[in-house]
Amino acid sequence: EPHRHSASPRTLSHRCALTLPCCAEAGGATCAKAPQVTGVTVQLEMHALWQQFDQLGTEMIVTKAGRRMFPTFQVSISGMDPAAEYVLLMDFIPVDDKRYRYAFHSSSWLVAGRADVAAPGRMHFHPDSPARGSQWMKQMVSFDALKLTNNLLDDNGHMILNSMHRYQPRFHVVYVDPRRDSQLHAHRNFCTFSFPETRFIAVTAYQNHRITQLKIASNPFAKGFRTTDPDAW
């Protein structure tokens, strides 16, 4: 399991952990990360908005056809080797082994039982991968093409999630090692970053009306909602 990071509210940016438990062959010692990833720092964009959602209990819509996330997962990266090549990718891991339901009378999420069987774990590769460090650091990196689905048989490469379960998005920076035996160094060549404020519950329809309101207020693409009769939500 890649190293978990937590940032204090003041820093807002996460550094790569410099060591991690090594594979069994190394006798369980800790391994230093490759120099191409040790300096990498990742900052979550739209941090204040993510925090607003997190305080309400973020919900993300999942549909059969796949739905984009809002807020979009966007980061700024520094500390890469400008000449080295990197692949950027994301995955989503369950926060716990529970299924939830929303209690409207108390406006809160309650545990409804044990989690469903985990959906197939998938990775979403940023479409610009692989690219040089200089390219990734030039501008904000946005995962706006990523879509969430609840279709277990999805063949579009969308991220498959179970509705009414909690997830933690994870962001991975992988150094493309040009050495022929690069697979031997795979565990050293990547770094994982997770921002606790990006956790969410997957839903097929928004449960908390305050989440609906915040999405409409802050999402320029939610105009279709605005013209709808509020009672129809």
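Strand E8, residues 85–94, is mostly covered, with seven of its 10 residues buried. Keep in mind as you look around that this is a predicted model. From E8 we can move to its partner strands, then to two open sheets, and finally to the aromatic rings, of which the structure holds 11 pairs.

**Strand E8 and its partners**

- E8 pairs with strand E16 (residues 166–175) in the antiparallel sense, over nine bridges.
- Tyr-86 is a handy place to start on this pairing, as its bridge partner in E16 is Tyr-175.
- Tyr-86 also stands opposite Ala-131 in E12.
- That strand, E12 (residues 131–132), runs antiparallel to E8 and is joined to it by two bridges.
- Strand E11 (residues 124–125) is likewise antiparallel to E8, and two bridges connect them.
- Look for Leu-89 here: its bridge partner in E11 is Phe-125.

**The four-stranded open sheet**

- Four strands make up an open sheet in the order E1-E4-E7-E13, and their pairing is antiparallel.
- Strand E1 (13–15) and strand E13 (141–142) are at the edges with a single partner strand each, so one side of each has no neighbour in the sheet.
- Within this sheet, strand E4 (residues 41–44) and strand E7 (residues 74–78) run antiparallel and are joined by four bridges.
- To find this pairing on screen, pick Leu-44, which stands opposite Val-75 in E7.

**The three-stranded open sheet**

- A second arrangement to look at is an open sheet of three strands, ordered E6-E14-E15, where the pairing is mixed.
- Its edge strands, E6 and strand E15 (159–160), each pair on one side only.
- Strand E14 (residues 147–149) pairs with E15 in the parallel sense, over two bridges.
- Leu-148 is the residue to select here, standing opposite Met-159 in E15.

**Aromatic pairs and their cluster**

- Among the 11 aromatic pairs is the tilted one formed by Phe-73 and Phe-195, with 6.4 Å from centre to centre and 55° between the planes.
- Phe-73 is in the loop between strand E6 (67–68) and E7, while Phe-195 is in the loop between strand E17 (190–193) and strand E18 (200–203), so this pair ties together parts that lie 122 residues apart in sequence.
- Phe-73 and Phe-195 are both buried.
- Phe-171 and Phe-193 form another tilted pair, at 6.2 Å centre to centre with 40° between the planes.
- This pair links distant parts of the chain, since Phe-171 belongs to strand E16 and Phe-193 to strand E17, 22 residues apart.
- Both of these rings' residues, Phe-171 and Phe-193, are buried as well.
- The two pairs come together in one aromatic cluster, formed by Phe-73, Phe-143, Phe-171, Phe-193 and Phe-195.
- Strand E16 therefore appears twice in this briefing: E16 pairs with E8, and it carries Phe-171 of the aromatic pair.

**Lysines over rings**

- The charged end of Lys-33 sits over the ring of Phe-190, 3.9 Å from the ring centre.
- Lys-215 has its charged end over the ring of Phe-53, at 5.3 Å from the centre of that ring.

Technical notes. Residues are numbered from 1 along each chain as its sequence is written. This is a predicted model: local features need pLDDT of at least 70, side-chain atom pairs count only at pLDDT 80 or more; totals for chains, interfaces and linings use all residues. Side-chain values use heavy atoms; hydrogens and water are left out. Two strands pair if DSSP finds at least two bridges between them. Buried means under 20% relative accessible area, exposed over 50%, partly exposed in between (1.4 Å probe, protein chains only). Rings of Phe, Tyr and Trp (its six-membered ring) pair if their centres lie within 6.5 Å; planes under 30 degrees apart count as stacked, over 60 as edge-to-face and the rest as tilted. A charge sits over a ring if NZ of Lys or CZ of Arg is within 6 Å of the ring centre and within 35 degrees of the ring normal.
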